[in-house]
Amino acid sequence: MPQIVKMPERNQHSSAYDLLGLGIGPFNLSVAALAQSIPQMRTAFFDQKQEFKWHHGLMFSGSILQTSFLKDLVTPVEPTSPYSFLAFLVEKKRFYDFLAGGFTGVTRVEFNEYLAWAAGKMSNLQWGRSAQDATLKDDALTVTFDDGRVVSSKNLVIGTGMTPFLPHWSQPHLGENCFHASNYLSQDRCFDNKCVTVIGGGQTGAEIVLDLLTNQQRKPKEVLWISNLPRFSPLEEGGFVDQVFTPGYVSSYQSLPERSQLQEVASQKLASDGLTPSTVDELYAEVYRRKHLSNNECNITLLSGRNVIAMERNGPSYQLTSQSAISEQVEQQQTDIVVLATGARPALPDFMEPLLPRLSMDENGLPELDSSYKLAWDGPKNLQIFGLNLGLSSHGIVDPQMSLMAWRAATILNRVVGSELFDLDEDEQMIKWPSVPQESVLAQVMPA
Ligand SMILES: Cc1cc2nc3c(=O)[nH]c(=O)nc-3n(C[C@H](O)[C@H](O)[C@H](O)COP(=O)(O)OP(=O)(O)OC[C@H]3O[C@@H](n4cnc5c(N)ncnc54)[C@H](O)[C@@H]3O)c2cc1C
C-alpha cells in the first residue's frame, strides 16, 4: 500500500499538474488507477475517444485474454485497490458465477467491460481531447489539445499505443476492400460471395479467419490465409515460459548487450505472439470439417511461409504476389478483399514533434528509455517524460503486453514522487537468467 508522500515543492510558475497522461488505453489507465491512491498528486489523463474502448475493431465475442485477469490494472502492486478485476466481479455480483465457471481465461469482452467500469470510477480522466503538440514552456511541459485547451505539467506519460503497420505495397490500395485488421469490426462489411485474403499468421489473423468461417453473417466464397511464419503455431505456455513476463527477467534483460537483447526478443516470439490454443483448436476443427465433411461451403486455403511482396489492381479485384521464405518461389493469388493482419509498431505520437530535437533516439527512430521508462532528453532535470509501449528493445518482450502493466505504472509513479511508494522489491528469481554485470557491458563498448 502506498504511504503518505510529500510531492516535490511547486514554485510560483508551478505547473497545473504533477503528471499528465496522454492516451487512455489499459497502460495509462493503470497509471491513472494507481495515482488515485496518491491524493497529493495532481494528475489528469486525456484521450481522443469519447469514452473508454479497447481495440473495439477486434472485439470478437469469444476471444480470450492471453493474460491472467489477476494481472489487471492494480492487483500485482496494490491488491487492495478498488480498481481490481475482483472488485469489479464483486460489485457486478458475478464473483461466484465467475469462479464456478472455472474458466481458463477471461474473454476480452469481459475484460473490456472491467476496464471501462474502472475508468468510469476515476475522477482524473478526460475524454474527447486529442493532444496536438507538446512543448517546453515556462519551466513546464505544456500540451495543446484540439479544442485549444493548453495544460502544463512537470511529468508526461505518453500512452498512445502502437501504430498499425501497413506494408508499403498495400498503401496505394487502402480503402473499403483493403484495410488494416484493427478496423475489421468498426464498420459493416459485406463479404458475400467474395474471395477474402487475410495476411498475417498471428492471433489477430486467426481470429479474423475464424470469424469469416463461422460467423453466420459472413458468406465469403473463398478465404485465403497467408502467413510469413513457417507454421500456424500456438503460444508457448507454461510456468517456466511465463517467467519471462516477470520484473526479475526485465532486470536481467536490461543488463544484456544490445545484440543479445535482439536475440532474446526474437527467440521469445511464440511466448507472446503465438496463437491462443483454443483458437487453434477451433480453427483446425473448422478447416477439417470444410475439407472432409462438407462440399457446399467456401474454400479455405492456408499458405504458410509466404511473404507478400506486391499487390496490384486486377479489374474489380486484386492480384497479390507472394514469395516462399524457403524456396524463394514466387506465386500469385487473386482476391477481392485484403485484410492486413500485419500487426502494429511502437511509434512516438506526432504531438511529440516539437520536442524531438531534445530527445535521444535509437537507430529505430524510437526514444531511448531508462529502466523506469523515462525518455532520455536534454531538458530540465525536474521535468520528466515517460513512454509506455515504446520499450520493446529497452525492456524486452513483455513491453507491448499487459503482464507487467501495473508494475510498470508503479515504477513510473515511484520515480515521479521520488520514493519507493509502491514496494517493487522482488524475491529471488526462480530461473537464474543470463545477465551481465554493468561493468562488463561498459567494457564491451569502451575497450581499454
Ligand atoms: C486485439 C488485441 C488483443 C490483445 N490482447 C492482449 C492480451 O490478451 N494480453 C496482453 O497482454 N496484451 C494484449 N494485447 C496487447 C496490448 O495489451 C494492447 O495493445 C493494449 O491495448 C496496449 O495498451 P496501450 O495503453 O499502450 O494502448 P492502446 O490500447 O492502443 O490505447 C492508446 C490510446 O491512446 C489514444 N490516443 C492516441 N493518440 C492520441 C492523442 N493524440 N491524444 C489523445 N489520445 C490519443 C487512443 O485513442 C487510445 O485510446 C492485445 C492487442 C490487440 C491489438
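This is a short tour of two domains, the contact between them, and a ligand. The model is predicted, so keep that in mind at each stop.

**Stop 1: the two domains**

Select residues 17-162 together with 346-440 and give them one colour; these make up domain 1. Then select 165-234 together with 279-340, which form domain 2, and give them another colour. Each domain is therefore built from two stretches of the chain, as the domain assignment sets the bounds. Place a marker at the centre of each domain, using C-alpha atoms, and the two markers lie 33 Å apart.

**Stop 2: where the domains touch**

Now show the residues at the contact between the domains. Domain 1 supplies eight residues and domain 2 supplies 11. Sorted by class, the eight on the side of domain 1 are three nonpolar, four polar and one charged.

The size of an interface is often given as the accessible area lost when the parts come together. For domain 1 and domain 2 that figure is about 670 Å², with 61% of it on carbon and sulfur atoms. Which residues of domain 1 lose the most area to domain 2? Select G57, L58 and F60: together they account for 69% of what the domain 1 side buries.

**Stop 3: polar links across the interface**

Stay at the interface and look for charged partners. One salt bridge is found between domain 1 and domain 2. Select R108 and E207 and show their side chains; they meet in a salt bridge, at 2.9 Å from N to O. Counting polar contacts between the two domains gives three residue pairs.

**Stop 4: the ligand**

Select the ligand and show the residues around it. How many residues surround the ligand? There are 26, and the closest are D47, W54, Q66, T67 and M402. By class, this shell holds 10 nonpolar, 12 polar and four charged residues.

Next, turn on the backbone atoms of three residues in turn:

- M402: a backbone N or O atom is 2.6 Å from a ligand oxygen.
- Q66: a backbone N or O atom lies 2.7 Å from an oxygen atom of the ligand.
- P26: a polar backbone atom is 3.4 Å from an oxygen atom of the ligand.

To finish, show the surface of the ligand, first by itself and then with the protein. Alone, the ligand exposes 990 Å², and the protein buries 84% of that area.

How values were computed: Residues are numbered from 1 along each chain as its sequence is written. This is a predicted model: local features need pLDDT of at least 70, side-chain atom pairs count only at pLDDT 80 or more; totals for chains, interfaces and linings use all residues. Side-chain values use heavy atoms; hydrogens and water are left out. Contact means heavy atoms within 4.5 Å. Buried area is the accessible area (1.4 Å probe) that two parts lose on being put together, summed over both. A salt bridge is a side-chain nitrogen of Lys or Arg within 4 Å of a carboxyl oxygen of Asp or Glu. A polar contact is a pair of N or O atoms within 3.5 Å; within protein, one must be able to donate a hydrogen and the other to accept it, and residues adjacent in sequence count only if both atoms are side-chain atoms. Ala, Val, Leu, Ile, Met, Phe, Trp, Tyr, Cys and Pro count as nonpolar, Asp, Glu, Lys and Arg as charged, and the others, Gly among them, as polar. A residue is near a molecule or strand if one of its heavy atoms lies within 4 Å of it. Accessible areas come from the Shrake-Rupley method with a 1.4 Å probe; for residues, only the protein chains shown count as cover.
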